[in-house]
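Hi,

Here is the structure I promised to pass on. Have a look at it first, and then read my notes below.

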Amino acid sequence: MGKNKCITSFFKRKNENEEQVEGNQGIVDGNNENKRQKASTSEPVSEVNNEANQNIPPVNEANQNIPPVNEANNEANQNIPQNPTIINEVDVSSLERDPPKRLPMWKYPVNIREQVRLAYISLGPYQIKLDEYKPRGPKNNLRRFKYAWFDMFPNWLEYSPTKHKAYCFLCYLCNDKQNESHGHSAFTSEGFDNWKKVNDRDKCPLLKHIQSSNHKKAFLLYTNLLNQEAHLDNFIETKNEGKIRKNRLRLKTTIDVVRWLTYQACALRGHDESSTSKNQGNFRELLKLLAHYNDDVAKVLFQNAPYNCKYTSSDIQQEIISIMANKVRKHIRSEVGDSWFCVMVDESRDESKKEQIAIVLRFVDAEGVIRERFLDLVHVTETLSATLKVNLWNTLLHYGFDVSKIRGQGYDGASNMRGEWNGLQALVREYSPYAFYVHCFAHRLQLALVCVSRDVTPVHQFFSYLVFIINVVCASSKRHDELQMAKADEIKKLLELGEIKSGKGQNQVGTLRRAGDTRWGSHFKSVCSLVNMFDVTRAVLKGITEDTTHATSSQRGDANIAYGYLQSFEFVLVLHLMKEVMAKTDTLC
């Protein structure tokens, strides 16, 4: 079942991938827009821009009375990437920015916490600039939050305009437990607003917080979240992508080989496809040829392919051919469209003695050109008119054709096909009254020619003599070679005399064609070949009658009779007459 799904999905269009790329681009643009704004969803605030940041005076000990951060803390802050843009599935616009109003991380479902964290990381800490921050403390010693502190702790310090307190952005992201440790809640749920202690040098709560174990764990989690390429899911996905790429290349090679062999009407399988065979059939040998000239293909075929995923079995070949056939039938259905069409059905028996019906559609396409398309070959258990009608109806309905639009039927003259009351054409007209039946004109013409040729005695004798002459000359390989050599000498002499001109495809040495079947077209080819090689055939027959060394008496007798036919005026007259008549009927057939 895994191979079937893989083969079927290989033929699908790639529109879904294009739509996904467009959707991802839209998310990136949305994240960039939210990153620039940094505004609360509950309360409008002033905009923070580059010009405002440039106007902030540098922080020093005289103005701020805040001790410089030690080197370890500086390195920790500098190693944190600044507001990365990460694509996620959480709606960024629906997230609350104000720290005390945010839903605690431990209240989110476990399966979406990482997505929420990535969404908040894409937005960054809520660092808002106000005209004046709310003071706190005694009236004679009021202290307030300073915007310059954001420059000292740019990656984790946040400020709430509603609670007027400071919070830790990284600790909020890492807070997966409801019960917090002592001192940790000050920067997560309760908030910090004791601004007086900030200036207490080594006892500064902001510096003590970044040295705490909880903050270090949060920083480690934050760093791991940014390193998405090292995640286990991405690692597994990368490994799977390699397997998928190899499977697709292996399957694509198999499809190309099957398509080429099918288009050239070549057999796919060989008599011996074992590993020890010197000729494993067209399919496997062509795969070897492609692998010989392409190293990438060689790395995924045969011994380099998994045991259960080689895509070389006969079942895979048949499934690929079936998929291709269905695509061709869908194209035929699109060609027909909503126009009217005619159906042509004929019976035939294959080598395995299975009775089959060939279904052909005749219609006018959108450009006004008459088209004939072979639709399907259906196996039938019997040739009764009812059985043929059911199989014809099921095939048309299966491929989405409207049977009410049938405007013509073309069959042979058998009773089960053309029967006025119970024939196939009568059963079809019960549902499609305008589907008029027409006996195949080519078939009718051939039947008429055969009937007339039998009733006219000179013509009937002519075909008997024709078959006899060809059998006498072509029965022996030696006589056949003599015939071709004589024809080559004749062409050479005519070229020297200038009676014929040389050219591509002209003056080729042919042979006498035997009538392979009872069809009229086969007899026409025999007549044409005898007309073209009349003189050399007569010379070869004369040579047989005079050859007493190699030819037996019976051979000389047959050659003498055949030579007499060629010398007969009546035979030559009918020969040229039938060539002219059959040239016209062959075009009509």
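Is His164 buried, partly exposed or exposed? With a relative accessible area of 22%, His164 counts as partly exposed, because buried would need a value under 20%. Keep in mind throughout that this is a predicted model. His164 sits in the loop that links strand 1 and strand 2, and its phi is positive, at about 60°, even though it is not a glycine.

Lys353 is worth a look next. It isn't a glycine either, yet its phi is positive too, at about 65°. You'll find Lys353 in the loop between strand 3 and strand 4. Lys353 is exposed, with a relative accessible area of 64%.

Now the chain as a whole. It has 589 residues, of which 36% count as buried, and it contains 24 helices and seven strands. The exposed area comes to about 36,100 Å², with carbon and sulfur atoms supplying 51% of that. If you take the contacts with a separation of 6 or more, 65% of them join residues 24 or more positions apart.

On to the sheet. Five strands make up an open sheet with mixed pairing, and their order is 5-4-3-6-7. Strand 5 (370-379) and strand 7 (436-439) are at the edges with a single partner strand each, so one side of each has no neighbour in the sheet. On average, neighbouring strands here are turned by 25° against each other, ignoring direction. Strand 3 (residues 341-349) pairs with strand 6 (residues 406-411) in the parallel sense, over four bridges. If you want a spot to zoom in on, Met344 stands opposite Gly410 in strand 6.

Two helices to look at around that sheet:

- Helix 14 (residues 314-336) packs on the sheet and touches strand 3, strand 4 (355-364) and strand 5. The direction of helix 14 makes about 140° with that of strand 5.
- Helix 17 (residues 424-431) lies across strand 6 and strand 7, and runs at about 175° to strand 6.

Then the cores. As a rule, nonpolar side chains in soluble globular proteins tend to be buried together. In this model, the largest nonpolar core has 41 residues, and the ones with the most contacts inside it are Tyr120, Phe145, Phe153, Trp156, Leu157, Leu173 and Leu206. Several elements give two or more residues to this core, including helix 6 (113-123), strand 1 (157-160), strand 2 (165-168) and helix 10 (213-226). Helix 6 provides the largest share, six residues. To see how one core residue is surrounded, try Leu157: leaving out neighbours within four places in sequence, Leu157 is in contact with Pro125, Gln127, Phe145, Trp149, Phe150, Ala166, Tyr167 and Leu206. Apart from that core lies another one, of 32 residues, with Leu466, Val473, Val536 and Val574 among them.

Last stop is a helix pair. Helix 18 (residues 441-455) and helix 19 (residues 457-474) pack with their axes 5 Å apart, at an angle of about 100°. That makes helix 18 and helix 19 roughly perpendicular to each other. Where do they meet? Ser453, Arg454 and Asp455 in helix 18 meet Thr457, Val459, His460 and Phe463 in helix 19.

Cheers

Conventions: Residues are numbered from 1 along each chain as its sequence is written. This is a predicted model: local features need pLDDT of at least 70, side-chain atom pairs count only at pLDDT 80 or more; totals for chains, interfaces and linings use all residues. Side-chain values use heavy atoms; hydrogens and water are left out. Two strands pair if DSSP finds at least two bridges between them. Axes are lines fitted to C-alpha atoms, for helices over the stretch in contact, and angles run from 0 to 180 degrees between N-to-C directions. Contact means heavy atoms within 4.5 Å. Buried means under 20% relative accessible area, exposed over 50%, partly exposed in between (1.4 Å probe, protein chains only). Accessible areas come from the Shrake-Rupley method with a 1.4 Å probe; for residues, only the protein chains shown count as cover. A nonpolar core is a set of buried Ala, Val, Leu, Ile, Met, Phe, Trp, Tyr and Cys residues joined through side-chain atoms within 4.5 Å. Angles under 35 degrees count as roughly parallel, over 145 as roughly antiparallel, 65 to 115 as roughly perpendicular and the rest as oblique.
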